[in-house]
Amino acid sequence: MNIMLLYGTETGNAEMLAEDIMAELDGDHDVECRNLSDFAPDEFDRSRLHMIVCSTYGDGELPASAQPFAEALKAAAPSLSGIHFAIFGLGDSEYEETFNFGSKGLAELLASHGAVQIGERITHDASGSDMAEDLAFPWAARMVALAEEKIGENA
Amino acid sequence: MSRAVAIVGSGPSGCYLAQALLKAAPELRLDLVDRLPVPYGLVRYGVAPDHQGTKGVIRQFERLFERQGAGFVGNVAVGEDVGLDDLRAAYDAVVLAAGLSADRTLGIAGETLEGVHRAGRLTRALYEHPDAEPLPELGPRVIIMGNGNVAIDIVRLLAKTPDELAGSDLGPVPSAWLAGSGIEEIEIVGRSPAAAAKFDAVMVKELAKLEGVRIRVLGAGASDDPEGAKKIAALEAIDGHGAGPRRITFRFGLTPMELAGEGGRISEARFQDAQGRAIALPCSAFVTAIGFGAEGVLPRDALIGSAADREAGVLAPGLYATGWFRRGPQGTIPDNRADAQLLATRILADLEAEGTPAQKPGRNAFPAWARAVGYEGWKRIDAAEIAAAPENRCRVKIASRETMLALALQTEECPQ
């Protein structure tokens, strides 16, 4: 599977998790890992799975490195039909009203431009007892399996 | 051999800088030198004990030592145990990331009265810093002067019921102190209007989860500025919250004029409002939470004052500064990350431009560091703290330097 692994980060936690997922998938798959701040909306590719790791910052906002991407996407308003993405969120349930709003907002934004979400959005809770990678590695494996069906079918 | 870099201070600014340096130049010989036997600075001793999620950045910083080859040199105070000039002679680059630990003061009459406290000292006691003073008696009516996130942390912790501290790492002594505080009224007073307050809106909104309080907000005003409007909206959202026994009152636009009392103990704080009217608030304790300044043996003011390029963090050839030490007490944890990435680029460019001078010895210049606390020693402290945590706590901090050192250096049996 050809995978573009993207992360939106503020403190670096999402970046670290993305690098861990990359190390986990690399070898079996062709993975490129990039900060959302270095990714343009016209780089989406129908033949790839876009796997996104995104945190939440402040009052339920997108993290700093995802904000320019979101602004660019809103401004360019491209059609993302036929684009597949899967998304994993990082949040903190101490702030329950806006828990994981960053990944939620980003998923909604991509969907509003026609991109198709694969699988469910999994969220990690920094105030919980799970390690992020213990949730993220099985999630990544499931998403790749799902994407192989879907992108394979459409190809 | 590779270049040697020493970072003074292992809090978020030092750790983010180490991370950025080692990502770009994994071959560097890099040491983080800390005056405490434990790493992570304000992540451990400044982030509130009920904000464990915020402390999650520690998992990134552990990799510095576990995978990226950084060294931890704990219990070594630069300026005391080792001179800054000696450190500069031994390393190709030295970065001061020592933070700012002294509380700013108001400079008004009555600040030396009994019952007047400083936020940094109070939080060090609450968060069990090894150099902390004992927790003070606050009495029933507490005024917090200041409108930053530290002020909100103190309001929240003073207002919480024991049940609301479950899952935190607040220690048994501070927990018992809070449970028995007898606080009835907490007033948080800002000199500026609410729109110019420094706290984050999310910190204010969090107060709406408190069960043992009733909250009122006086004179929050209005604002055209989006950031200011966000703060006011957060305050309006919590105004009127709850029917608990402790009252929290927010007041704004009050300039502190004088603290007054009888028998050497504070009983009243006097302010002036924007219209010049005098306002007196009775209190049994007054806590200043108005920011931080330099303290300790590093001559920060002189170093920053004579900096070659302060904005870039360059103090002198081979000497740099980052984090609060460079820019002053503003900004939260991720601001240090952005700062660090810029400074790392600059340092690596400077090292590159120097060519290939004689090998600097790095830590080998200091045989006495054989008795410093290394990362393995810290991990013994860490493991002991986690293992000893009671059921409703995630950790119990070891508050005494002697006990930390005994564990880290294994000079005696681990005390229970």
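**Exercise 1.** With which residue does Asp31(B) form a salt bridge, and how far apart are the closest N and O atoms?

*Solution.* Keep in mind at the outset that this is a predicted model. As a starting point, side chains of opposite charge can pair when their charged atoms come close. The partner of Asp31(B) is Arg363(B), and the closest N and O atoms of this pair are 3.0 Å apart. Since the rule asks for a nitrogen of Lys or Arg within 4 Å of a carboxyl oxygen of Asp or Glu, the pair therefore counts as a salt bridge. Next, place the two residues along the chain: Asp31(B) lies in strand β2 (residues 29-34) of chain B, whereas Arg363(B) lies in the loop between α12 and α13 of chain B, so that the pair links parts of the chain that are 332 residues apart. Over all chains, the rule gives a count of 42 salt bridges.

**Exercise 2.** Describe the interface of chain B and chain A, beginning with its extent and ending with the residues on the side of chain B.

*Solution.* First take the extent: 20 residues from chain B and 23 residues from chain A take part in the contact, and the area buried between the two chains is about 1,900 Å², with carbon and sulfur atoms giving 41% of it. On the side of chain B, the most area is lost by Arg59(B), Val202(B) and Arg337(B), which together make up 28% of what that side buries.

Then turn to the pairs across the interface, where the rule finds eight salt bridges, and where Arg63(B) meets Asp20(A) through their side chains in a salt bridge of 2.7 Å, N to O. Twelve residue pairs are in polar contact across this interface. Finally, ask which helix of chain B gives the most to the side that touches chain A: it is α3(B), with three residues. That side divides into four nonpolar, six polar and ten charged residues.

**Exercise 3.** Describe how helix α13 and helix α14 of chain B pack.

*Solution.* Two packed helices are described by the angle between their axes and the distance between the axes. Here the angle is about 115° and the axes are 7 Å apart, and the crossing is right-handed. From α13(B), the residues Gly377(B), Arg380(B), Ile381(B) and Ala384(B) meet Met404(B), Leu407(B) and Ala408(B) of α14(B). Sorted by kind, the residues of this contact are five nonpolar, one polar and one charged.

Definitions and conventions. Residues numbered from 1 in each chain as written. Chains lettered and ligands numbered in written order. Predicted model: local features only at pLDDT ≥ 70, side-chain atom pairs only at ≥ 80, totals over all residues. Heavy atoms only, no water. Contact = heavy atoms within 4.5 Å. Buried area = accessible area lost by both parts, 1.4 Å probe. Polar contact = N/O pair within 3.5 Å; in protein donor to acceptor, adjacent residues only side chain to side chain. Helix = DSSP H or I, 4+ residues; strand = E, 2+ residues; numbered from the N terminus. Nonpolar A, V, L, I, M, F, W, Y, C, P; charged D, E, K, R; others polar. Axes fitted to C-alpha atoms, helices over the stretch in contact; angles between N-to-C directions. Left-handed = near helix turned anticlockwise from the far one by under 90°.
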